[in-house]
Amino acid sequence: NHTLKFSKENIVKEYKLYIDGKYVSSSAGTIVDSINPADGSVFAKVHMASKENIELAIASAYRAQKLWAKTTPREKEAVLLRAAEIFEKRADDIRDILMRESGSTIAKCNFEISVVSDIFRVAAGEARRVTGQTFVSNDDGVFSYAIRRPLGVIAGISPFNAPMILSSKKFAFAIAAGNSFVLKPSSNTPVCDLVFGEILQEAGLPAGVLNIVPCSKEVLGETFQEDKRISMITFTRSTQVGRHIAQSAAKNMKKCTLELGGKSPVLVLEDAGINYAVNTAFFGIFM
């Protein structure tokens, strides 16, 4: 049985793919080491999705989305609020995973846990804010309006630097709006994302609404861009890869949101304290 209970001892655990509400093995039998970047030790053994596993994840999301879209805002809200509570209750286990897999400091772990909890709560509130519009009409007696509907299946590709924040931001709001989600974690931090499966399952999210499939870029290929069941791609990583995703997604008329590489420039005014400016820029880049 898959469990998030994590020993502080140096025990190497095995983590499987999360598809259709279950933790399942790689159909190709591919299991890789997740490395602790602090000391180079093996943190965990992680199953990597095959093309067959990715197909099952997309098919599961496609089936589940139709029913999830009809779920009331109250039910969606309740699931996400419960997820926030469960996430906070498991803070010790999650902190340990963040430290040992992503190399996070205690302060950064606590920051990430706090932000993810807030993300779930804010997304819960957004479940009630899916609004349409009304329009004036030139025709007498005609009432014009627009209705917002879920896009369908959304695919997300996450980075390693703040894995839980950046992954939950992608899927929590998508789920709140009635979509289902297929998440491809960073190969550096797959366990940080795989824990979300058990948390959302315990919170009452129906099977298939969230699927988590660590895999290599070679196995994933153009699947998200080319599969017609996927309506949108959200990606955070390098500019080079993001540009390619945008181009290939456009060929298939898919929406995409991209958060790409590069350090944000800092404008330091003439009367600013230089030491403060330097320290702030350093913190912002390297926290």
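## A look around the rings, cores and cysteines

With a relative accessibility of 0%, F87 counts as buried, since buried means under 20%. That makes F87 a handy place to start in this model, which is a predicted one.

F87 has a ring partner. It forms an aromatic pair with F120, and the arrangement is edge-to-face, with 6.2 Å from centre to centre and 70 degrees between the planes. F87 belongs to helix α2 (residues 73-89) while F120 belongs to helix α4 (residues 106-126), so the pair ties together parts that are 33 residues apart in sequence. F120 is buried too, with a relative accessible area of 0%.

Now for another pair, F282 and F286. This one is tilted: the centres are 5.2 Å apart and the planes make an angle of 50 degrees. Both residues sit in helix α10 (residues 274-286), 4 residues apart, or about one turn of the helix. Are F282 and F286 buried or exposed? Both are exposed.

The structure holds 9 aromatic pairs. Here are the two just described, one to a row.

| Pair | Geometry | Centre to centre | Angle between planes |
|---|---|---|---|
| F87 and F120 | edge-to-face | 6.2 Å | 70 degrees |
| F282 and F286 | tilted | 5.2 Å | 50 degrees |

F87 and F120 also turn up in a wider group: ring pairs link them with F171, F181 and F196 into a cluster.

Rings can have charged company as well. The charged end of K66 sits over the ring of Y62, 4.3 Å from its centre. In a similar vein, K76 lies over the face of W68, at 5.7 Å from the ring centre.

Next, the nonpolar cores. The largest has 51 residues, and the members that touch the most others are F87, F120, M164, F171, F196, L200 and L210. What does L210 contact, once its neighbours within four places in sequence are set aside? The list runs to Y18, F171, I175, F181, F196, L200 and L205. Another core lies apart from the largest one; it has 20 residues, among them A57, C215, L220 and A249.

On to the cysteines. How many disulfides does a search of the whole structure find? The count is 0. Take C192: the nearest cysteine sulfur belongs to C109 and is 8.6 Å away, whereas a disulfide needs the sulfur atoms within 2.5 Å, so C192 is in no disulfide. C192 is buried, with a relative accessible area of 0%. C215, named above as a member of the 20-residue core, is in no disulfide either, and the nearest cysteine sulfur, that of C192, is 17 Å away. C215 is buried as well, at a relative accessible area of 1%.

Finally, a couple of backbone oddities. D20 is not a glycine, yet has a positive phi of about 55 degrees. D20 is found in the loop between β2 (17-19) and β3 (22-24). With a relative accessible area of 25%, D20 is partly exposed, because that value falls between the 20% limit for buried and the 50% limit for exposed.

M253 is a residue other than glycine that also has a positive phi, near 55 degrees. Which elements flank the loop that holds M253? They are α9 (239-251) and β12 (255-259). M253 has a relative accessibility of 77%, and it counts as exposed because exposed means over 50%.

Conventions:
Residues numbered from 1 in each chain as written. Predicted model: local features only at pLDDT ≥ 70, side-chain atom pairs only at ≥ 80, totals over all residues. Heavy atoms only, no water. Helix = DSSP H or I, 4+ residues; strand = E, 2+ residues; numbered from the N terminus. Buried < 20%, exposed > 50% of the residue type's maximum accessible area, 1.4 Å probe, protein only. Phe/Tyr/Trp six-rings, centres within 6.5 Å; stacked < 30°, edge-to-face > 60°. Lys NZ or Arg CZ within 6 Å of the ring centre and 35° of its normal. Core = buried A, V, L, I, M, F, W, Y, C linked by side-chain atoms within 4.5 Å. Contact = heavy atoms within 4.5 Å.
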